[in-house]
Amino acid sequence: MKNSAAIEAILVGPHLDRFCDVFGLSPGELEPDFTGWSKHVIKSPDHVFLFPRHPKYQQSLNIELELYKLLSELEQLPVPRLVRAVKNCELSPYRFGVVTRLQGILLGNIEHGLGTSDYEEVLCTIGRLAAIWHNLQLGHETEFLKPLSQDMDGDHGDSYRWMYGALRSGSPGEAPDLIASSVRELAAGGGTEDFSELKSVSTTGKWRRALSELSMMGDVLLHGDIHEDQILVRSERDLEVTGILDWGNAGVGNPALEFNFGEWGEKIWRFRDRFGTFREAIWREYLHVRGLDGPKWESVHLLYTVQELIWTMTARKPIGNEGGSYESELRRLLRTLKETTARL
């Protein structure tokens, strides 16, 4: 039997036989996928069967299945459609979901060959699609969703803590002190570039105004975990987005939280110098579809540049594994912050 040992890690013995009987499938048609963080997946030619890896992941799967019901109303949105949710101990001890199988390949599988224009094309599409699900009206049907939160422990805790605080209050909080500290570090190391203006009251005022604009955006439905392994594209040569997958981390929160490259893997960080261009493109498309005049893309770029700076200072190393020293990465981020601030 094709993939028999792998399939039996999810469905064993009589469960597998019964599963095939219920869904009219043969074992040879089943394709297991263990790459998900919280789910085991079995694929058939037309459907995908979603099982929680562990009871603690049952809630996130339930959220995903409930969202597929709601998102089915948005015909322009390429997401799986819920066929049924199943609770049957003859098949599995867990409640599992059956959804339609979308055609395409994971962006992450071809990411090594992407250039900047390819990323920009995909990100513009993500901006347009995110605007569609962000326009979904929140109400009693979405009461099961909680405010989106991120793990604030570990190496990246300070950057997330700062970002979530800024989007709630519109205040840069401790960021000016942390940035001043990085400026002093570079000066002590003999750096000659002048970043002194980043410590000024005028600069802090610009940041506060920009972040306040972002913080006043109304809460929306957030996917919350957009990255290369949640995006299907038609083929290696055709980057049309055919699927947005894995909604188990969805929640409610500020729209800017959807566009965090920190959720992506290392390959996109090859082009960190182009993140301003990426954010300008994705935010332009996003605002257009939502019919909004602002905030400016520079405000989003400011938010995430500060996040990346605090992230780098906390970890004491550059994000990703693209080489370069800690000091050179601080200098790059401070230069970006200086240039972005001048545009505000």
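Reader: What makes the 5 strands an open sheet, and in which order do they lie?

Author: In this predicted model, the strands form an open sheet in the order E1-E2-E3-E5-E4, with antiparallel pairing. The edge strands are E1 (31-33) and E4 (82-86), each of which pairs on one side only. From one strand to the next, the twist averages 20 degrees.

Reader: How do you know that E1 and E2 are paired?

Author: Two strands pair if at least two bridges are found between them, and E1 and E2 are joined in the antiparallel sense over 3 bridges, so they meet that condition. One of the partnerships is that of Glu31 with Lys43 in E2.

Reader: Which strands does E3 pair with, and what makes these pairs count?

Author: On the same condition of at least two bridges, strand E2 (residues 39-43) is joined to E3 by 5 bridges, while 4 bridges join E3 to strand E5 (residues 96-100), and both pairs run antiparallel. Val41 stands opposite Leu50 in E3, and His47 has Thr100 in E5 as its bridge partner. A hairpin through 3 residues connects E2 to E3.

Reader: Why is strand E3 called largely enclosed?

Author: A residue is buried when its relative accessible area is under 20%, and 5 of the 6 residues of E3 (residues 47-52) are buried, so the strand is largely enclosed by the rest of the structure.

How values were computed
Residues numbered from 1 in each chain as written. Predicted model: local features only at pLDDT ≥ 70, side-chain atom pairs only at ≥ 80, totals over all residues. Heavy atoms only, no water. Buried < 20%, exposed > 50% of the residue type's maximum accessible area, 1.4 Å probe, protein only. Helix = DSSP H or I, 4+ residues; strand = E, 2+ residues; numbered from the N terminus. Axes fitted to C-alpha atoms, helices over the stretch in contact; angles between N-to-C directions.
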